[in-house]
Amino acid sequence: MFSLQPRGYVSQFWSWGSPILALLLTAAIAGAIFAFMGRPPLLTVYTFLISPLFAPEGLANLAIKAAPLILMGVGLSLAYKANVWNIGTEGQFTLGAIFGGGAALALPDATSWAVFPAVLIAGITGGMLYALIVAWLRTAFNANEILTSLMLAYIAQYLLIYLVTGPWRDPMGFGYPQTAMFSDTADGPRVIEATNLHFGIIAAPVIAILAWWILGKTSFGFQLRVLGQAPRAARFAGFSENRLVWLSMAISGGLAGLAGVFEVTGTQGQLTTTISPGYGFTAIIVAFLGRLNPAGIIPAGLLLALTYLGGDAAQINLGMSNAITGIFQGILLFCLLGADVLILYRIKWRKSAGARA
Amino acid sequence: MQRRSFGQMIGAGAAISALPSLARQAQAADPLKVGFIYLGPVGDFGWTYQHDGARKEAVAKYGDAIKTTIVENVPEGPDSEKVIADLANSGHKLIFTTSFGYMNYTLNVAKRFPGVFFEHATGYKRAANVSTYNIRFYQARYVQGVIAGKLSKSGVAGYVGSIPVPEVVQGMNAFLLGMQSINPKATLKFIMVNSWYDPPKEADATKALIDQGCDIITQHTDSPAPLQAAASRGIKGFGQSTDMAKFADTTQLTASVDLWGPYYIKRIGDVLAGTWKSTDTWGGFDSGLLGMSPFTNMPADVAALAASTEADIKSGKNKVFVGPLVDQAGASKLAAGAVMDDGALSGMQWLVQGIQGKLG
């Protein structure tokens, strides 16, 4: 048997080394799984992780997939720093899409430049309000935010299904569960004309850098970090824990809402019953892989976005199931958490109970 | 005709006739790459399974002259546009997108790849390089309705609906028209589960319909769950897309069976021969795209009536949607003796008198 003993210090080197180690381990384990399945491991890993980058439109697809992951990963990193465990960004993303989409549907003929900002603000508001339900339950009733935010994510999905199959269903859509198309004005401008490259791909890194600055250089950022690392010290210093819960839920929910509204206006142009392949949950892996540091979120978001593209590439080029996206993401998180444990603790072997007797 | 026997026939036919010339051709040139976009996993039954079975028939027919690629579990959203474009980018010259929700994304990609041919199932938008194809599923519904009219004691049938698109509305109307051709007082209740595949919801809907007095069940969803739920209550039902007898051998009366094989073989052949054109195909019993699995668990006279009804529809003697047709509110929708045209049929969003409940 063995036990885990605190090391008493955190290696600066390994705290950034562990995501890279985890990635290498994941590639090795995935390669072993592929080999076990009778596939050439190197070619499969290459197809999954490298080839999408060189495919036509590969970088554009990567940016589109990474934008929501980075936006949500940044929000989560702030919340997690403060020990506020928002697991329900998927739901806040959905509410952002619903509020933003609702605003777009309410303004079908408006052509003012102000429409798109209004749609974005509606989306941010939707995600934020939904996250604040969690903050309220936590501060008023001490309800565990892990449970409440996760459960609200499922409610959000059913709310979306209700709206697009009920009151918001496109009357001209032959009964299909989808809303009318948004106007071009509400869909917002494009980075490159006539593509899906919406401005979320610019907003995501800009917001990440802004958050990095706030966390590192402002007193609010300092409060968040102290609260996460030493809650008692934070209380002695007069930082209000409740205020930070409200603020970090508002920020992570608002950014998830922004991701949701960018996604539906930027790539879909309407609401349907499926608006996310699980971005909100993947963003949790992004946050940890990026070391809860908004600057680290950018490469982490790009890597996880790559796993989505890799799933398609493996299916098309190798005839494999795209379930390998989920498998890869799962192994990556597992290796990362495992490596993180070993940064904080050392393994101490001891004799088994049987030997002692 | 059953799917399997059909597949064997195609396989045997291919072995005798078509292959020698094609095999030579394949050695000379690169194989034609054909892509398929699937909504679900292939699995063992249902919509995607039938498409994949048809793909295999085409592979058996053309051998090395073609190389097929499937992409499964593709959601009907912007991801589908990316996957369709991926196929076009990787040298696929013919791409089948096999669910309605891929319609706009298929057209978007088709615009960017004028040299690639696209085939979109069940949609209504076409382009110079985009064809559409569909099956007249309602013909099989009418035959099911006739059987239900004979077997139902309460005169109330239950319809486990998916999404109220015209295809499903046609199915409900055709089912009740068939049932009313035997029992003019017959009525139909329905529940939409708002999904094509959701076994727990399908089973719940089935039980709710039975609790409301329905004594025969049909389904427009993909899983055997309604049949199994009906079996647990001792009620008979109809399979969907695939012969589902192996899941409910004492419950399934018959199943409507999707047979995309002849279409896939023809369209791939057209591309190989360089004669592909954008077309709109809507085939029923007569085209070989729609079949019914054996009529079982019913008296011989009912099975004979069902078979003759199928034959009448196949020969064109019975056009299914023939006036007088009256909607739920009692308004006339089609004059006596008139036959509904395909335009009105393909946009159908009203229910015939005797169906209880409202669309969405």
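# Reading a two-chain predicted model

User: Let's start with one residue. Does A:Pro177 count as buried or exposed, and why?

Analyst: The idea is to count neighbours: a residue is called buried if 20 or more other C-beta atoms lie within 10 Å of its own. A:Pro177 has 28 C-beta neighbours inside 10 Å, so it counts as buried. Bear in mind that this is a predicted model.

User: Where in chain A is A:Pro177 found?

Analyst: Look in the loop that runs between helix H7 (145–165) and helix H8 (184–187) of chain A.

User: And which residues is A:Pro177 in contact with, leaving aside its neighbours within four places in sequence?

Analyst: Some are in its own chain: A:Val164, A:Thr165, A:Arg169, A:Thr272 and A:Thr273. The others are B:Ile163 and B:Asn194, in chain B. Take A:Thr273: that residue is 96 residues from A:Pro177 along the chain, yet their C-alpha atoms are separated by 6.9 Å.

User: Since chain B has come up, how many residues of chain B are in contact with chain A?

Analyst: For an interface, you can count residues on each side. Here 25 residues of chain B are in contact with 23 residues of chain A. On the chain B side, strand S2 (66–71) and helix H3 (78–89) are the elements that give two or more residues. H3(B) has the largest share, 8 residues. By class, the chain B side divides into 12 nonpolar, 9 polar and 4 charged residues.

User: What does the loop between S2 and H3 of chain B hold?

Analyst: B:Asn73 lies there, and its backbone angle deserves a look: phi is near 55 degrees, a positive value in a residue other than glycine. With 17 other C-beta atoms within 10 Å, B:Asn73 is partly exposed. A:Glu57 also has a positive phi, near 65 degrees, and isn't glycine either. You'll find A:Glu57 in the loop between helix H3 (51–54) and H4 of chain A.

User: Now for helices. What span should helix H15 of chain A have, and how far apart are its end C-alpha atoms?

Analyst: The trick is to allow 1.5 Å a residue: the 21 residues of H15(A), 324–344, should span 30 Å, and the end C-alpha atoms are 30 Å apart, which agrees.

User: Which residues of H15(A) are buried?

Analyst: First, the general idea: an α-helix has 3.6 residues a turn, so residues three or four places apart point the same way. In this helix the buried ones are A:Ile324, A:Thr325, A:Phe328, A:Gln329, A:Leu332, A:Cys335 and A:Leu336. Seen down the axis of H15(A), they fall within an arc of 135 degrees, so they line one face of the helix.

User: What do those buried residues pack against, and what sits on the face turned away?

Analyst: They pack against four helices of chain A: H1 (12–36), H2 (41–49), H13 (279–289) and H14 (294–318). Turned away from the buried side are the exposed residues A:Gly330 and A:Val341.

User: How is chain B divided into domains?

Analyst: A domain need not be one unbroken stretch. The domain assignment gives domain 1 as 3–136 + 259–287 and domain 2 as 138–257 + 295–356. Their centres, taken over C-alpha atoms, are 29 Å apart. Between them, 16 residues of domain 1 of chain B are in contact with 19 residues of domain 2 of chain B. On the domain 1 side, helix H2 (residues 46–62) of chain B gives the most, with 4 residues. That side has 8 nonpolar, 5 polar and 3 charged residues.

User: How many residues has the largest nonpolar core, and which have the most contacts inside it?

Analyst: In soluble globular proteins, nonpolar side chains tend to be buried together. Here the largest nonpolar core has 200 residues, and A:Ile70, A:Met72 and B:Met172 have the most contacts inside it. Helix H4 (residues 58–81) of chain A gives the most to this core, with 14 residues. Both domains of chain B give residues too, so the core lies between them. Among the residues that B:Met172 touches are B:Tyr159, B:Leu188, B:Phe190 and B:Ile355.

User: One last feature: where is there a cis peptide bond?

Analyst: Check omega for that. It is about 5 degrees for the cis bond joining B:Gly323 and B:Pro324. B:Pro324 lies in the loop between helix H10 (300–315) and strand S13 (325–326) of chain B.

Key:
Residues are numbered from 1 along each chain as its sequence is written. Chains are lettered from A and ligands numbered from 1 in the order in which they are written. This is a predicted model: local features need pLDDT of at least 70, side-chain atom pairs count only at pLDDT 80 or more; totals for chains, interfaces and linings use all residues. Domain bounds come from an automatic or database domain assignment. Two residues are in contact if their C-beta atoms, placed from the backbone, lie within 7 Å. Ala, Val, Leu, Ile, Met, Phe, Trp, Tyr, Cys and Pro count as nonpolar, Asp, Glu, Lys and Arg as charged, and the others, Gly among them, as polar. A residue is buried if 20 or more other C-beta atoms lie within 10 Å of its own, exposed if 12 or fewer, and partly exposed in between; C-beta atoms are placed from the backbone. The expected span of a helix is 1.5 Å times one less than its number of residues. The arc is that of the directions from the helix axis to the C-beta atoms. A nonpolar core is a set of buried Ala, Val, Leu, Ile, Met, Phe, Trp, Tyr and Cys residues joined through C-beta atoms within 7 Å.
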